[in-house]
Amino acid sequence: MRFVALLHAVNLGQTRKVSMAELRTLLGTLGLTGVQTYIQSGNALFDADPDPHLGQNLEAALGAHFGFTIPVTLRTAEDWRQAAQHCPADLLTEPVSVAFLARGPQPDAVATLQARDVTPERWALIGAQVYQTVPEGTRNLRLSQAVLTRVLGVPCTVRNWRTVQAIAGRL
């Protein structure tokens, strides 16, 4: 089965450096096949047998190898294709980012997020993805990755729409 692994918060600034060549090699030593990476932000594609502990096993191996904790969010290829096809059309009139949640949030957390005024940004939760406009650029987001994680109570990592589409094209 084909998977996409999103490594959280790597290669930002001078810390938490993860070489994509080193990542590909490490994933290969774990028995994963067809390993590819996309750009330097910690996106890996690979084939593996379905395993409910795959994400945890990856996190343990990454931490042991690179020397710091690296949370991982996994999607199957089919899940990724669905995410790449289901951004609400009205959001695509502006630049869009997608927050990939580790799991679906609780309804009360979603209600709390809905009560927040994040204007001029707009967003939609579909499954375990939050699609959001970024009209003023990612540095000025009112609905940042940190806010999403705190309010929804679910870890997430964010990719821009171009990256989402590029990865979908590689599956």
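**Exercise 1. Two helices and a buried tryptophan**

Task: Determine how the axes of α3 and helix α6 (residues 161-170) are placed relative to each other in this predicted model, and which residues bring the two helices together.

Solution. Begin with the geometry: the axes of α3 and α6 come within 9 Å of each other and cross at roughly 135°. The next step is to classify that angle, and since angles over 145 degrees count as roughly antiparallel and those from 65 to 115 as roughly perpendicular, the crossing angle makes α3 oblique to α6. As for the hand of the crossing, α3 passes α6 in a left-handed manner. Finally, the contact itself involves W80, A83 and A84 on the α3 side, which meet W161, V164, Q165, I167 and A168 on the α6 side.

**Exercise 2. Aromatic pairs**

Task: Establish how many aromatic pairs the whole structure holds, and describe the pairs F3 with F46 and W80 with F100.

Solution. A search of the whole structure yields 3 aromatic pairs. One of them joins F3 and F46, whose rings lie 5.9 Å apart centre to centre with 25° between their planes, an arrangement that is stacked. To place this pair in the fold, note that F3 belongs to strand β1 (residues 2-7) and F46 to strand β3 (residues 43-47), so the pair ties together parts that are 43 residues apart in sequence. Both F3 and F46 are buried.

The pair of W80 and F100 is likewise stacked, at 4.5 Å centre to centre and with 10° between the planes. Here, too, distant parts of the chain are linked, for W80 sits in helix α3 (residues 77-85) and F100 in strand β5 (residues 96-101), 20 residues apart. The last step is accessibility: W80 has a relative accessible area of 0% and is buried, and F100, at 0% relative accessibility, also counts as buried. W80 therefore takes part in the ring pair with F100 while being a buried residue of the α3 contact with α6.

**Exercise 3. The cysteines**

Task: Decide how many disulfides the model contains, and explain why C156 is not bonded to C87.

Solution. A disulfide is a covalent bond between the sulfur atoms of two cysteines. The cut-off used for such a pair is a sulfur separation within 2.5 Å. By this rule the count is 0 disulfides, and C87 is in none, with its nearest cysteine sulfur, that of C156, 16 Å away. Seen from the other residue, the closest cysteine sulfur to that of C156 is the one in C87, and because 16 Å separates them, they are too far apart for a bond. Each of these residues is buried, C87 with a relative accessible area of 8% and C156 with one of 2%.

**Exercise 4. Two further helix packings**

Task: Work out how α1 packs against α2, and how α4 packs against α5.

Solution. Take helix α1 (residues 20-29) and helix α2 (residues 54-66) to begin with: their axes are 11 Å apart and they pack at an angle of about 125°. α1 and α2 are therefore oblique to each other, and their crossing is right-handed. The contact is made by E22, L23, L26 and L27 from α1, together with L58, A61, L62, H65 and F66 from α2.

Turning to α4 and helix α5 (residues 145-152), the axes come within 8 Å and cross at roughly 135°, which makes α4 oblique to α5. The residues in contact are A109, V110, T112 and L113 of α4 and L148, V151 and L152 of α5.

**Exercise 5. Backbone and loops**

Task: Describe the backbone at P120 and I39, and the setting of G67.

Solution. As background, most residues other than glycine have a negative phi, and most peptide bonds are trans. The peptide bond from T119 to P120 is cis, with omega near 15°, and P120 is found in the loop between α4 (107-114) and β6 (123-126). I39 has a positive phi, near 45°, although this residue is not a glycine; its place is in the loop between β2 (33-38) and β3, and at 42% relative accessibility I39 counts as partly exposed. G67 lies in the loop between α2 and β4 (72-76) and, at 64% relative accessibility, counts as exposed. Its C-alpha atom is separated by 9.1 Å from that of R16, which is 51 residues away along the chain from G67.

Methods: Residues numbered from 1 in each chain as written. Predicted model: local features only at pLDDT ≥ 70, side-chain atom pairs only at ≥ 80, totals over all residues. Heavy atoms only, no water. Buried < 20%, exposed > 50% of the residue type's maximum accessible area, 1.4 Å probe, protein only. Phe/Tyr/Trp six-rings, centres within 6.5 Å; stacked < 30°, edge-to-face > 60°. Helix = DSSP H or I, 4+ residues; strand = E, 2+ residues; numbered from the N terminus. Axes fitted to C-alpha atoms, helices over the stretch in contact; angles between N-to-C directions. Parallel < 35°, antiparallel > 145°, perpendicular 65-115°, else oblique. Left-handed = near helix turned anticlockwise from the far one by under 90°. Contact = heavy atoms within 4.5 Å.
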